[in-house]
Amino acid sequence: MPLRSTARTNLVDLVIEQMESLIADGEWEVGTKIPAEPVLVERLSVGRNTVREAVRALVHTGLLEPRQGDGTYVRARSGFGAAVQRRLRRAGDLETFEVRASLERDAARHAALRRTDEDLAALRAALAERARAWQSGDLTAFVDADLHFHRTIAAAAHNSVLAELYAHLSDALRATLRSVIGAPVPDSVRNQYEAHEAIVDAIEARDADAAERAALAHLAEGMAALRAGAEDGDGPDRATAVQE
């Protein structure tokens with residue numbers, strides 16, 4: 001959706017509405033920088049104060065995040081997503097991982113029962129993208145590819161509420177995933193290619209029980225890696241906040 005000139009009376013509210021739509025529709029993706037203030041002023045045909053007030057309001061709700069000397073970045077897709085991120089910042093990595101496990105277990109089961117041929121092709125492509133990112137050695141690219149893979153499973157479950165919940169959660173999972181990848185465990189555990197392939201194979205076979213087992217097995221390895229990082233002393237302090 002392109003930015004359009006705003007000519008109505010309540011300019012700030014209308015600018016906020018447009019920005020929220022761009023974020024919700026994914027045109028301004030989470031983690032990316034929004035256009036600079038002069039660009040927004042020109043495209044929206046409004047004054048600087050209007051743009052600043054709109055941005056300030058979205059920063060307050062948690063959708064945007066200003067970074068001094070760099071610009072303003074998209075932090076969450078919605079107010080609900082921002083609330084989820086605020087709550088997860090107060091949680092331990094293992095708590096977050098347990099919630100993730102619940103969603104991914106159900107997503108894998110439903111995907112096995114409901115996936116289409118198009119869903120399966122998207123899953124295979126996402127799995128290959130994840131493997132390429134691992135081979136590249138680029139940690140950020142690998143985390144992005146891993147999140148994309150699991151979001152693709154959630155999409156294949158064809159439950160819009162589950163997919164939205166997982167999207168909000170996964171936006172806040174990046175630090176946790178970095179903890180898993182950085183744990184003092186073998187590369188096979190940090191990469192988990194076979195475990196991810198097993199999930200796709202089960203979804204392809206429409207075997208819901210196998211898909212659920214594969215998802216939980218993969219996540220159990222991740223939780224073990226978090227514990228290993230905490231015990232080794234290299235993991236973040238909040239990784240030790242929860243012990244089972």
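The following exercises, each with a worked solution, concern a predicted model of a protein.

**Exercise 1. Overall architecture**

Determine how many helices and strands the protein has and in what order the elements run.

*Solution.* Step 1: the protein holds 12 helices and two strands. Step 2: reading from the N terminus, the order of elements is α-α-α-β-β-α-α-α-α-α-α-α-α-α. Step 3: as for burial, 44% of the 244 residues count as buried.

**Exercise 2. The largest nonpolar core**

Identify the residues of the largest nonpolar core that touch the most other members, and the element that gives the most to this core.

*Solution.* Step 1: the core has 34 residues, and Phe149, Ile153, Ile199 and Ile203 touch the most other members. Step 2: two or more residues come from each of helix H5 (93–114), helix H6 (117–136), helix H7 (139–156), H8, helix H9 (174–181), helix H11 (193–204) and helix H12 (208–232). Step 3: among these elements, H7 gives the most, namely eight residues.

**Exercise 3. A salt bridge between H2 and H3**

Locate the partners of the salt bridge between Glu37 and Arg48, and classify each as buried, partly exposed or exposed.

*Solution.* Step 1: the side chains of Glu37 and Arg48 meet in a salt bridge, at 2.7 Å from N to O. Step 2: Glu37 belongs to helix H2 (residues 37–44) and Arg48 to helix H3 (residues 48–61), the two being 11 residues apart. Step 3: the class "partly exposed" lies between the cut-offs of 20% and 50% relative accessible area. Glu37 is therefore partly exposed, at 22% relative accessibility. Arg48 is likewise partly exposed, because its relative accessible area is 42%.

**Exercise 4. The partners of Arg109**

Establish which residues form salt bridges with Arg109 and where they lie in the chain.

*Solution.* Step 1: Arg109 pairs with Asp209, and the closest N and O atoms are 2.4 Å apart. This bridge links helix H5, which holds Arg109, to helix H12, which holds Asp209, across 100 residues. Step 2: Arg109 also forms a salt bridge with Glu212, at 2.6 Å from N to O. Glu212 is in helix H12 as well, 103 residues from Arg109 in helix H5. Step 3: with a relative accessible area of 24%, Arg109 counts as partly exposed. Asp209 is partly exposed too, its relative accessible area being 42%.

**Exercise 5. Salt bridges across the protein**

State how many salt bridges are counted, and which residues are linked in a network.

*Solution.* Step 1: side chains of opposite charge can pair when their charged atoms come close. Step 2: with a limit of 4 Å between nitrogen and carboxyl oxygen, the count comes to 13 salt bridges. Step 3: a network of salt bridges links Arg100, Glu104, Arg130 and Asp146.

**Exercise 6. Two surface patches**

Describe the negative patch and the nonpolar patch on the surface, and give the exposure of one member of each.

*Solution.* Step 1: the patch of negative charge is formed by Asp13, Glu17, Glu20 and Glu53. Helix H1 (residues 11–24) supplies the largest share, three residues. Step 2: Glu17 lies in helix H1 and is partly exposed because its relative accessibility is 44%. Step 3: Phe80, Val161 and Leu165 make a nonpolar surface patch of about 270 Å². Step 4: Leu165 sits in helix H8 (residues 160–171), and its 34% relative accessibility makes this residue partly exposed.

Conventions. Residues numbered from 1 in each chain as written. Predicted model: local features only at pLDDT ≥ 70, side-chain atom pairs only at ≥ 80, totals over all residues. Heavy atoms only, no water. Patch = residues over 30% accessible without salt bridge, like charges linked within 9 Å, V, L, I, M, F, W, Y side chains within 5 Å. Areas by Shrake-Rupley, 256 points an atom, 1.4 Å probe, with all protein chains shown as cover. Lys, Arg positive; Asp, Glu negative; His and termini not counted. Charge placed at Lys NZ, Arg CZ, Asp CG, Glu CD. Helix = DSSP H or I, 4+ residues; strand = E, 2+ residues; numbered from the N terminus. Buried < 20%, exposed > 50% of the residue type's maximum accessible area, 1.4 Å probe, protein only. Core = buried A, V, L, I, M, F, W, Y, C linked by side-chain atoms within 4.5 Å.
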